[in-house]
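Dear colleague,

Please find the structure below, together with its sequence. My notes on selected sites follow it.

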Amino acid sequence: LLGAKNWDDHNRAGRFVARDFGMNYLKSALPNAIIMNYGDNDTFPLWYAQEVEGVRTDVRVMNMSYLGADWYIDQMKLKSNDSDPVPFTLPRDKYTYRNDYLPIKERFKSATAKQVIDEWIRLDDPVTKVTTPFGTEGDYIPTRKIAIPVNKENAIASGIVKPEDAHLMVDTIYLTLKGSIVTRDQLMLIDLLAHFDWKRPIYFTQAISPGELGLRDYLQVDGFVYRLVPIATKGDYLNIGRVDADYLYDKLMNEFSYGNIDDPKVYADYTVHNNFYSTQARTLYARLAKALLEKGDTTRAIEVLDTGIRKIPFSQIRHNYLSIIEACYMAGAFDKGNEVLEEYAKNLEENITYYLRFTGKYKDLTLRDVKENAEYLYDLYQIAGMFGQTGQAR
């Protein structure tokens with residue numbers, strides 16, 4: 001009965017979104033990169049792509065949720081497939097049955113990552129130790145500001161920075177520690193940053209965790225991942241990191257795929273929608289288009305927008321942000337932008353009509369949804385007016 005009654009509502013036939021997303025994460029990265037990831041959806045599809053389909057086996061996938069475990073740190077120190085070991089230097093006795101949490105005690109205003117690891121954590125000097133709540137001896141972090149000097153020659157040689165962008169590099173980037181403790185996975189990240197010497201690209205699958213360490217302004221969006229770069233870039237929460245238009249163009253136009261989601265027969269459920277939103281897959285096309293417009297390349301900008309709309313159709317993956325509409329207007333493709341805007345507005349109006357049908361005790365439960373959709377409509381009104389589309393604004 002479960003199969004007979006529910007198959008038409010839950011059929012996953014022909015849908016390969018999880019597989020393709022895993023490949024997109026890997027394809028985003030430079031050769032021999034380390035990708036730091038955090039959850040299930042940005043871990044298991046990547047492992048599948050590497051271990052079963054042999055995709056980008058030169059990339060090391062490092063789950064930060066596991067990095068608090070000694071056995072996983074040991075694994076990262078070994079070569080895996082075609083990826084080199086992660087350059088951790090701390091011995092096992094520094095992360096096995098100790099240092100789950102390291103208190104922060106500010107003995108110094110600042111120190112380099114190498115000084116923290118090599119001249120403090122690694123030492124057996126009593127001055128570098130504290131007594132833990134369990135009565136055992138543990139290490140501590142002696143500063144909140146940790147410097148990571150930039151080896152500019154290595155950054156260029158490894159491809160982290162293009163030669164033509166060399167003048168944009170800073171001499172040092174800084175970790176800024178908050179709170180009262182450093183966890184074991186953060187300790188190992190400090191160890192990695194102290195010793196990778198910009199010889200190997202480092203990526204994050206989301207910007208929140210590096211942002212908490214003060215690295216948000218040193219990210220470059222390379223597709224589904226953020227590259228750590230020694231180039232400072234300010235941005236809002238929808239536009240984190242700098243954009244290398246040529247690099248991102250190749251990924252979005254030639255390499256990325258989305259598991260047949262453009263086929264109307266393929267079922268796009270709540271989880272699929274969330275995955276598209278969390279990776280900002282559609283927003284990437286708008287960001288790339290805007291970067292191309294800054295270079296005066298209107299033709300390729302419109303081509304990118306057309307591709308994004310075709311590959312991730314609104315009939316399958318609902319509207320979420322206004323970035324595509326804004327980019328269309330900026331490119332002068334007003335008919336295209338108006339078409340997307342009108343479709344989005346119709347969808348919002350249908351939502352509001354639906355929620356307003358509820359009465360009695362259920363009415364209060366849907367008021368937030370009515371308000372939320374009305375606010376989105378107002379956003380559409382504003383963006384249409386901003387670009388002189390008075391017909392749409394009315």
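Gly332, just after helix α13, adopts a positive phi of about 80°. This value, like those that follow, comes from a predicted model.

Helix α13 itself spans residues 323-330 and is mostly covered, with six of its eight residues buried. The buried positions are Ser323, Ile324, Ile325, Ala327, Cys328 and Tyr329. Which helices cover them? The cover includes α11 (281-294), α12 (298-311), α14 (334-355) and α15 (361-386).

A second site concerns Asn154, which belongs to helix α6, residues 152-157. Is Asn154 buried or exposed? Its relative accessibility is 18%, and because buried means under 20%, Asn154 counts as buried. If neighbours within four places in sequence are set aside, Asn154 makes contact with Asp197, Trp198 and Lys199.

The third site lies on the surface. Asp93, Asp124, Asp125 and Glu137 together form a negative patch there. One of these residues, Glu137, is located in strand β6, which covers residues 137-139. Glu137 has a relative accessible area of 52%; since exposed means over 50%, Glu137 is classed as exposed. Asn154, by contrast, is buried.

In your own inspection of the model, you may wish to view these sites in the order given above.

With kind regards

Note on methods
Residues numbered from 1 in each chain as written. Predicted model: local features only at pLDDT ≥ 70, side-chain atom pairs only at ≥ 80, totals over all residues. Heavy atoms only, no water. Helix = DSSP H or I, 4+ residues; strand = E, 2+ residues; numbered from the N terminus. Buried < 20%, exposed > 50% of the residue type's maximum accessible area, 1.4 Å probe, protein only. Contact = heavy atoms within 4.5 Å. Patch = residues over 30% accessible without salt bridge, like charges linked within 9 Å, V, L, I, M, F, W, Y side chains within 5 Å. Areas by Shrake-Rupley, 256 points an atom, 1.4 Å probe, with all protein chains shown as cover. Salt bridge = Lys/Arg side-chain N within 4 Å of Asp/Glu carboxyl O. Lys, Arg positive; Asp, Glu negative; His and termini not counted. Charge placed at Lys NZ, Arg CZ, Asp CG, Glu CD.
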